[in-house]
Amino acid sequence: MRYKQIEDEPKTFVLIFETSDEIASGLQQFARGQGLGGSSFEAIGALSHAKLGWFNWETKKYDPACVLDEQVELLSLIGDIALRDGEPQVHAHVVVGRSDGTAHGGHLVEARVRPTCELILTESPSHLQKKLDPKSGIALIQI
Amino acid sequence: MGWFDPQRKMYKKIPINGQHEGIGMSGDIALYQGKPVVHTHMVVGSPDGTTRAGHILAAYVSPALEVMVTVDPIAMQKRLDPAADLTLIDPALK
């Protein structure tokens with residue numbers, strides 16, 4: 001993954017992922033490296049493999065909604081980064097398109113890029129903090 | 001719509017006809033050899049609520065499409081990637 005900062009206020013980056021880069025872990029690593037407190041991002045591109053999750057309210061865990069081990073268009077990736085116990089946590093949703101034009105979507109678990117993913121990330125003016133929500137069992141943004 | 005075939009290094013054409021809702025369109029514009037190159041993806045909704053989607057090759061509007069464009073302070077530059085045979089953004093290019 002390569003990046004360039006294109007704006008100071010608000011801090012804005014272009015991130016370019018390349019073939020075989022994994023987006024979820026790459027973003028997490030970038031957020032930690034840059035010390036990002038809260039950010040939002042969006043991207044388009046294409047993937048060779050995608051694992052999407054669906055939040056199961058009964059088990060309070062993400063079920064594997066869809067595992068696509070094939071080339072797909074990354075139609076939209078929208079997400080945010082917030083801090084949980086001081087660590088940046090990436091939360092993103094994905095829609096992908098298959099070769100027949102059908103679309104699948106879900107929570108980003110894993111996305112392997114081929115050949116590119118063009119992402120723009122903007123840091124939020126105030127730090128977004130996540131707090132454990134007892135009802136869902138997951139950390140949600142508190143404002 | 002198009003789907004990028006990494007083996008053939010071309011977009012496979014996916015024809016979608018008839019009235020559809022334009023549900024989501026995202027994209028960016030970068031420069032290749034000084035000229036803007038538009039890269040856009042779209043999800044459209046069929047009358048039964050199912051969706052179809054892909055890389056936009058051509059999309060005809062009926063009756064309207066509302067697009068917001070934000071211009072970044074620095075333009076991104078593309079270079080030809082021989083592995084994919086596509087122009088891809090290279091953040092190191094000026």
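Where in chain A is A:Pro10 found? A:Pro10 sits in the loop between strand E1 (2–7) and strand E2 (12–18) of chain A, and the peptide bond that leads into it from A:Glu9 is cis, with omega near -5°. The model is predicted. Chain A combines one helix with nine strands, whereas chain B has zero helices and seven strands. The contact between the chains draws 32 residues from chain B and 26 residues from chain A.

**Chain A: overall form**

- Along the sequence, the elements of chain A follow the pattern β-β-α-β-β-β-β-β-β-β.
- The radius of gyration of chain A is 15 Å, which agrees with the value near 15 Å for a compact globule of 143 residues.
- The C-alpha trace of chain A spans about 40 × 40 × 20 Å along its principal axes.
- Of the 143 residues of chain A, 38% count as buried.
- Where contacts in chain A link residues at least 6 apart in sequence, 66% of them join residues at least 24 apart.

**Chain A: strand pairing**

- Strand E5 (residues 72–84) of chain A runs antiparallel to E3(A), and eight bridges join the two.
- Within this pairing, A:Ser39 has A:Ile81 in E5(A) as its bridge partner.
- E5(A) also pairs in the antiparallel sense with strand E6 (residues 87–97) of chain A, over 11 bridges.
- A:Ile81 appears here again, standing opposite A:Val90 in E6(A).
- The hairpin formed by E5(A) and E6(A) has two residues between the strands, and A:Asp85 in the turn has a positive phi of about 55°.
- Strand E8 (residues 129–132) of chain A and strand E9 (residues 139–142) of chain A form an antiparallel pair with four bridges.
- A:Lys131 has A:Leu140 in E9(A) as its bridge partner.
- Six residues lie between the strands in the hairpin of E8(A) and E9(A), where A:Gly137 takes a positive phi near 80°.

**Chain B: overall form**

- Chain B follows the pattern β-β-β-β-β-β-β when read along the sequence.
- The principal axes of chain B give spans of about 45 × 35 × 15 Å for its C-alpha trace.
- Of the 94 residues of chain B, 21% count as buried.
- Among contacts in chain B between residues at least 6 apart in sequence, 40% join residues at least 24 apart.

**Contact between the chains**

- The contact comprises 32 residues from chain B and 26 residues from chain A.
- On the side of chain B that touches chain A, at least two residues come from each of strand E1 (2–5), strand E3 (21–32), strand E4 (35–45), strand E5 (51–55) and strand E7 (86–89) of chain B.
- E5(B) gives the most to this side of chain B, with five residues.
- By residue class, the side of chain B that touches chain A has 18 nonpolar, eight polar and six charged residues.

**Nonpolar core**

- In soluble globular proteins, nonpolar side chains tend to be buried together.
- The largest nonpolar core here has 48 residues.
- The residues with the most contacts inside this core are A:Leu15, A:Leu47, A:Leu74, A:Leu75, A:Val94, A:Val96 and B:Ala53.
- Leaving aside residues up to four places away in sequence, A:Leu47 touches A:Val72, A:Leu74, A:Val96, A:Ala111, A:Arg112, A:Val113 and A:Arg114.

**Backbone features for inspection**

- Most residues other than glycine have a negative phi, and most peptide bonds are trans.
- The peptide bond from A:Arg114 to A:Pro115 is cis, with omega near -5°, and A:Pro115 lies in strand E7 (residues 103–123) of chain A.
- A:Lys60 has a positive phi near 60° although the residue is not glycine, and lies in the loop between strand E3 (39–56) and strand E4 (61–68) of chain A.
- A:Lys60 counts as exposed because it has 12 C-beta neighbours inside 10 Å, and the limit for exposed is 12 or fewer.
- B:Gln33, likewise a residue other than glycine, has a positive phi near 50° and lies in the loop between E3 and E4 of chain B.
- B:Gln33 has 10 C-beta neighbours inside 10 Å and therefore counts as exposed.

Conventions: Residues numbered from 1 in each chain as written. Chains lettered and ligands numbered in written order. Predicted model: local features only at pLDDT ≥ 70, side-chain atom pairs only at ≥ 80, totals over all residues. Contact = placed C-beta atoms within 7 Å. Nonpolar A, V, L, I, M, F, W, Y, C, P; charged D, E, K, R; others polar. Buried ≥ 20, exposed ≤ 12 C-beta atoms within 10 Å, placed from the backbone. Rg over C-alpha atoms; globule rule 2.2 N^0.38 Å. Pairing = 2+ DSSP bridges. Core = buried A, V, L, I, M, F, W, Y, C linked by C-beta atoms within 7 Å.
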